[in-house]
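Dear colleague,

Here is the structure I said I would pass on. My notes on it follow below.

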Amino acid sequence: MNTAKNKAEKVCTAAKKCSGCQLSNMNYERQLKWKQNTVYKLLRQFGTVKKIVGMSDPCHYRNKQQFVFKRAKNGKVVCGLYQSKTNGVVECFDCLINNERACEIAKTVTELLQSSKIKIYSPKNGSGNLKHMLIKTGNKSGEILLCFVCAKRTFKPDDIFIKHIIEQCPDITTITEIVNKTPEGVFLDGEESIIFGRGYITDSLCKMRFKISAKSFYQINPTQTERLYTCAIERARLEKGEQVLDAYSGVGTIGIIAAAQTGAEVLSVELNPDAYSNARENAELNDVQNISFVNDDAQRYIEELAKNGEHLDCVIADPPRAGCSRGFLLSLIKIKPKRVVYVSCNPKTLQRDLYFLTKNGYKADFIRPFDMFPFTNHVETVCVMSCKED
Ligand code: SAH
């Protein structure tokens, strides 16, 4: 099947070594067909699957890129993408999906490292300092955050290395450092300090501003996120004063935009305490008052609402790949909101949850896949349901 015609128009030089893009051997049109078909096969039994929303330019959409540093045998510093299969590092400054400016910055930083005294961390014996680098870019604001992840405190604001970075990349608006003491551990675990600038960037989504820090969760494809949110909020047909639950709300983006655009009263529930605090800050930043935030497990919280006989007009749920828990759905059908807007990043668990909801009083009125992650095998779907008794 790998004829020249089927190859992606742009070629990634690291495609064979890097396992990041599972569909890099397909042209974009075929990728979209493949994703459409995946969702169609799983969800057609519930209703018409509308045409997938793809990107006009599917390259370089990521606003967040993670790089790993390694010292090669010849002494050169190598900066690249982490290869999960081999624990190796694949040098790739022409990645098809990473932001191009972020790749240029990574290259500049690597060049500066070659002549600096900064020690690169070695996972083999735990010596050295610098482990990883994270670059986040504001799609509309143009702001750029650079975060170094080190085994111990390494950088100070007046370091010559930091000065050189700022001189050579004047578009970097903030630099932070995370001290990560675990040998393997999660990429961004550890205490963060600000080296330069405010410690975070902002970007706008559906005309609202959001704060993005190194650790905060933020959708990685802002162009498609806008399309997906616009669709989800329009289809939720919210009216002023309606009670809406935004479950699995992350940093509050969908709920804040929905509250501002429609005047509905939004309750936002999120388990991660950092995302919850970011969500509160984001509501304040946009001066949105008709939203409140709860830091809790979505199932536990909706069970409490059901127990107290609370009323909801609409539930917007955007769960992780595992989908909504059965307990969450059991309480949802007790409360019986008129509409449910399900934003799913895994059509298999969406299928499972749709079986349950369609057996328990709901019908699917609208199903549309969105390509949030071109060149990868992930596909997002918006499914809007209504209560049959309506
Ligand atoms: N709606 C957001 C985030 C979606 S990602 C957006 O569009 O950006 C899913 C979110 O669900 C994550 O922020 C994760 O922390 C949260 N989450 C995972 N399990 C949860 C649970 N049991 N209860 C509440 N939130 C949960």
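Leu130 has Cys150 as its bridge partner in S5. The pair belongs to the contact between strand S4, residues 130-137, and strand S5, residues 144-150, which run antiparallel and are joined by seven bridges. This is a predicted model, so please read everything below with that in mind.

S4 and S5 sit next to each other in an open sheet of seven strands, ordered S3-S2-S1-S4-S5-S6-S7, in which the pairing is mixed. At its edges are S3 (88-90) and S7 (191-196), each of which pairs on one side only. On average, neighbouring strands in this sheet are turned by 35 degrees against each other, direction ignored.

A second open sheet of seven strands also has mixed pairing, and its order is S12-S11-S10-S13-S14-S16-S15. Here the edge strands are S12 (291-295) and S15 (362-370), and each of them pairs on one side only. The average turn between neighbouring strands of this sheet is 15 degrees, again with direction ignored.

Within that second sheet I looked at S10 in some detail. Strand S10 covers residues 243-247 and pairs in the parallel sense with S13, residues 314-317, over four bridges. In this pairing Leu245 has Val315 of S13 as its bridge partner. S10 also runs parallel to S11, residues 265-270, and five bridges join these two strands. There, Ala247 stands opposite Val269 of S11. S10 is mostly covered, with four of its five residues buried.

S11 also contains Ser268. Ser268 has a relative accessible area of 1% and is therefore buried. Its C-alpha atom is separated by 19 Å from that of Lys334, a residue 66 positions away along the chain.

Next, the ligand. Which residues come closest to it? Of the 16 residues that surround the ligand, the closest are Tyr229, Glu270, Asp297, Ala298 and Asp318. The shell is made up of seven nonpolar, five polar and four charged residues. Three polar approaches are worth listing:

- Tyr229 places a polar side-chain atom 2.6 Å from an oxygen atom of the ligand.
- Glu270 has a polar side-chain atom 2.6 Å from an oxygen atom of the ligand.
- Leu271 takes part through its backbone, with an N or O atom 3.2 Å from a nitrogen atom of the ligand.

The ligand taken alone exposes 580 Å², and the protein buries 83% of that.

Two residues stand out for their backbone angles. Arg237 has a positive phi of about 45 degrees although it is not a glycine. Arg237 is located in the loop that connects helix H4 (222-236) to S10. Is Arg237 buried or exposed? Its relative accessible area is 53%, so Arg237 counts as exposed, the cut-off being over 50%.

The other is Lys336, also not a glycine, with a positive phi of about 55 degrees. Lys336 belongs to the loop between H8 and strand S14 (339-344). With a relative accessible area of 41%, Lys336 is partly exposed.

Ile335, in helix H8 (residues 326-335), directs attention to the interior instead. Its relative accessibility is 11%, and Ile335 therefore counts as buried, since the limit is under 20%. Ile335 and Leu312 lie 23 residues apart in sequence, while their C-alpha atoms are 6.8 Å apart in space.

One last item concerns helix H2, residues 100-114, which contains Thr110. Thr110 is buried, at 4% relative accessibility. A polar atom of the Thr110 side chain lies 2.6 Å from the backbone oxygen of Ala106.

That is what I have for now.

Best regards

Methods
Residues numbered from 1 in each chain as written. Predicted model: local features only at pLDDT ≥ 70, side-chain atom pairs only at ≥ 80, totals over all residues. Heavy atoms only, no water. Near = heavy atom within 4 Å. Polar contact = N/O pair within 3.5 Å; in protein donor to acceptor, adjacent residues only side chain to side chain. Areas by Shrake-Rupley, 256 points an atom, 1.4 Å probe, with all protein chains shown as cover. Nonpolar A, V, L, I, M, F, W, Y, C, P; charged D, E, K, R; others polar. Pairing = 2+ DSSP bridges. Axes fitted to C-alpha atoms, helices over the stretch in contact; angles between N-to-C directions. Buried < 20%, exposed > 50% of the residue type's maximum accessible area, 1.4 Å probe, protein only.
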